[in-house]
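Visitor: Hey, got a minute to walk me through a structure? I'd like to get a feel for the sheets and the helix packing.

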Amino acid sequence: MSQGDVALELPTGAGKTLVGSLIADWRRRAYGERVAFLAPTQQLARQAATQARIYGIPVADLVGPNRKWSPADQASFTQGQAVGFATYSAVFNANPHVNAQMLVLDDAHAAEGFVAGNWSVEIARGSLAFDLVLAMLERAGAISPILARRIRHEDQEAAGPAPVYVAGVAELAAAADDLERALDQAVAQGALPDKAKFPIAMLRGQYAACLVYVSRRQILIRPLVAPTSYHEAFTAAKQRVYMSATLGDGGELERAFGRRKITRIPVPTGWERQGTGRRFFCFPDLVTGLDAEVSRDAFTGQVLTAFGKGVLIAPNNRAMEKALAAIVPAGAPILRAEQFAEAPDGFAKAPVGLLALANRYDGIDLPDETCRLVILAGLPAGAHLQERFLHESLSATVVLSERIRTRLTQGAGRATRNSADYAAVLALGKDLWEFVARKEVQATMHPELRAEIVFGLDYSTGISPTEAAENLAHFLAQDAEWHEAEEGIRADRDAAPRAAGPGTAELTAAVEHEVAAIDAAWQGDWPRAVEQAKKVVEAVAGGQQIRRYQALWHYLLASWAVIAGRRDNREHWLSLAQTHFDAARAAAHGTKWLSELTTDAASLVNPAPPDLSPVDLEVVLQIAINPMRAGRTNQFTKQVQTIRNGLAQTKAPPYEAALVALGELAGARVLKRTGGDAEPDAVWLFGDELWVAWEAKSDANPDGQLKATRVREAGGHLNFAAAQQGVAAPLGSVTLIVTPQNALHPAAVQVSDAETYLVTPGRVLDLAGRLIEAWEAIRTQTAGFQPVDAEQVVAELLRARRALPSQWLSDCTERAVSDG
């Protein structure tokens, strides 16, 4: 076969390793080529090598670090005398030592992470690297100061998923050198693990073509699609053969390997009717009385005890550890993936125990009595931040559906490795059962798996925990009751063939242009990247689900057009960019990710640094969470009346009440008054950033002089507030004396400190007008918004009306009392 990229799908148990090994050895013998057989993990590579030796195929063991390879094995591979067996990382790294002329890529469906890892920098929160990169993104305007602050202050251990944001692409491109320097600084100071040095070397000079994903727990830097076209160890091979039990549709394989087209060899006749053993799915979340997480977990622990042994698979380490803590009975032995790899027979022979795996839905076989129970803890999505962004933030599940289905298929089949095998599958989590319950998802599954899941949903919904446990017992015993039920599964399997999922045709048509667009961006050929992105946008036009993915490509196209516009033909590129930014907003309707990004093309051509100070950020956050922002109109109206009525007169009580009410509109927490004679009329507390103390002398004679006693009294207001709060006033805090008096008694000047200022009542009225106008717009434009969604709008509206502290405070501190 002359094609450079060929995919071969073989069902589990069909001898995939034998077929791949024979293909590899035939090429080696027929053409004298250097041929490598790649597997995702060292365990699988060694397992394949062992089987190849049994088949009589000469093997060169190239597993593990190259410095530990046998010189004899290296020589036999290099001379084409043996097939080299290695892991994906032997080819996909900054300094590959496997230079093959033909590659056989086993378990290709599981390779995306291994391939993209070559160009992926993961930075955990709590490290200097995280702080450096986050600060750099904020300076560049790639993320807003509000978002940066939110990430810094959020508890990374807080319950619930951590939202994933994408940094501005055009802003990042303008500051790519700064990002490179930040990472170099982190490496120099030992703030990144050694494994990060390799992808950093691969990304050097290419950050403009990358995406940066940010959450409160991690930062991920990587291109959307791995740029394998520029990795010689992969592209130099004359042919690449991809093998899998589930290759997937919709261009999933092409995206994983960065290839524009991979020719698929049709699956064997009868594959649609062939299963591998029998699975009985149970969904504890649907069992009556197990709707609470605690009771569901207790039930799962009881099932594990009844079965004796099981394997638990979760999408990531965090989810795995949470599940282990919740469901494993006290004293039950737990085996991790690395321990299993070192001694797999230990688990096979053990009477009880649980094998715990994170994002390992394939590559571990537990046949027959080795294991009869699989526990899937959550939907198999979100292996890394890009996946989570696509799935959770972008809501483009359609582009991940095939990957999720593949992991589900592989994970559920870990303990059914032959036609006579059987295992129960406990599927935990609402996200998991909701995904498999969708008819459009079921239609795309292998008929055998679809029938098993439908049966499991039927026999989980609305039954009691006792009935659920009895059903599992019948299955484990493989008794007559179970065999009678199994007839229904077989009938359902034969009822309907597998169908293509929604968006499959569109995604298949788009993938070659997606890869071409990323390749062009990698070369810095932005006009060509834009042209290919246009073809992607055209290909993925369709219903709401596919339009979410289209929104991302509209945004990338617009951002790349901005980058092109920085070089030449500015007006042309900016017009195109704005058109697609607008289209991105329309296509992203119903999601929130784009609200965090700048989509004004003109402002992006010459990006300016953010102008929100820390105190401004504090104000924006406080206003966003203020119940009055989205509360009843009469509450806000009453507040405004208090301010306007009080500031319009000179009497002390109403004027002081107006200052208190105005402080809330200003975004401050107002210090509670105690009723003392010498206490401030109001103190506005802007967190730990700034305090503003007020002394109102609105009823003073305009023709008189401000006396020293008044100034001395006002000068103690910040100390009073500090005593009340139990902490010192922040540096830069001020006291404002509101008075119509222009003249100062000489003694007043002498006793005044440098932080006390005169403010006219007219200036306070002006500030009140700005804040009231801003609040009216905020209440109108953020109605129904959650606080996190309102923040950016609040900031823009306050800034537009010069109602941020950094804007109005300078007006109120023009005249220091100490200056006379």
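Guide: Sure, we can start with confidence and then go through the sheets and some helix pairs.

Visitor: Is this predicted or experimental, and what's the average pLDDT of the chain?

Guide: This is a predicted model. The protein chain averages a pLDDT of 90, and 97% of the residues score at least 70.

Visitor: Where is confidence lowest and where is it highest?

Guide: The low end is helix α14, residues 337-342, with a mean of 79. The high end is strand β8, residues 211-214, at 98.

Visitor: Ok, sheets. What's the strand order in the one with 7 strands?

Guide: That open sheet goes β3-β4-β2-β5-β10-β1-β11, and the pairing is parallel.

Visitor: Which strands stand at the edges there?

Guide: Those are β3 (59-61) and β11 (263-265). Each has a single partner strand, so one side of each has no neighbour in the sheet.

Visitor: And how much are neighbouring strands turned against each other?

Guide: By 25° on average, ignoring direction.

Visitor: Zoom in on β3 for me. How many bridges join it to β4?

Guide: There are 3 bridges between β3 and β4 (residues 83-87), and the two strands run parallel. If you want a spot to look at, A60 sits opposite G84 in β4.

Visitor: Which helices pack on that part of the sheet?

Guide: Helix α2, residues 42-54, is one of them: it touches β2 (35-39), β3 and β4, and its direction makes about 160° with that of β4. Helix α3, residues 71-78, also touches β2, β3 and β4, with its direction at about 130° to that of β3.

Visitor: Switching over: what about the sheet of 5 strands?

Guide: This open sheet has the order β18-β19-β20-β22-β24, with mixed pairing. β18 (669-670) and β24 (756-759) are the edge strands; each has a single partner, so one side of each is left without a neighbour in the sheet.

Visitor: Do β18 and β19 pair parallel or antiparallel?

Guide: Antiparallel, over 2 bridges, with β19 covering residues 682-686. R669 stands opposite L685 in β19.

Visitor: Which strands does α34 lie across?

Guide: Helix α34 (residues 761-781) lies across β19, β20 (690-696), β22 (734-738) and β24. Relative to β24, α34 runs at about 85°.

Visitor: Now helix pairs. At what angle do α29 and α30 cross?

Guide: Roughly 135°, with the axes of α29 (residues 633-647) and α30 (residues 652-665) coming within 8 Å. The two are therefore oblique to each other, and α29 passes α30 in a left-handed crossing.

Visitor: Which residues make that contact?

Guide: From α29 you have F636, Q639, T642, I643, G646 and L647. From α30 you have P654, Y655, A657, A658, A661, L662, E664 and L665. By class, the contact has 10 nonpolar, 3 polar and 1 charged.

Visitor: And how do α28 and α35 pack?

Guide: Helix α28 (residues 614-625) and helix α35 (residues 787-800) meet at an angle of about 125°, axes 8 Å apart. That makes α28 oblique to α35, and α28 passes α35 in a right-handed crossing.

Visitor: Who meets whom in α28 and α35?

Guide: V619, V620, L621, I623, A624 and I625 in α28 meet P787, E791, V794, A795 and L798 in α35. The contact of α28 with α35 splits into 10 nonpolar, no polar and 1 charged.

Visitor: Last pair: are α17 and α18 roughly parallel or roughly perpendicular?

Guide: Roughly perpendicular. The axes of α17 (residues 397-412) and α18 (residues 430-437) cross at roughly 100° and come within 12 Å. T397, S401, I404, R405 and L408 of α17 make the contact with L432, F435 and V436 of α18. That contact has 5 nonpolar, 2 polar and 1 charged residues.

Conventions: Residues are numbered from 1 along each chain as its sequence is written. This is a predicted model: local features need pLDDT of at least 70, side-chain atom pairs count only at pLDDT 80 or more; totals for chains, interfaces and linings use all residues. Side-chain values use heavy atoms; hydrogens and water are left out. Axes are lines fitted to C-alpha atoms, for helices over the stretch in contact, and angles run from 0 to 180 degrees between N-to-C directions. Helices (H or I, at least four residues) and strands (E, at least two) are DSSP runs, numbered from the N terminus. Angles under 35 degrees count as roughly parallel, over 145 as roughly antiparallel, 65 to 115 as roughly perpendicular and the rest as oblique. A crossing is left-handed if the near helix is turned anticlockwise from the far one by less than a right angle, and right-handed if clockwise. Contact means heavy atoms within 4.5 Å. Ala, Val, Leu, Ile, Met, Phe, Trp, Tyr, Cys and Pro count as nonpolar, Asp, Glu, Lys and Arg as charged, and the others, Gly among them, as polar. pLDDT is the predictor's confidence in each residue, from 0 to 100. Two strands pair if DSSP finds at least two bridges between them.
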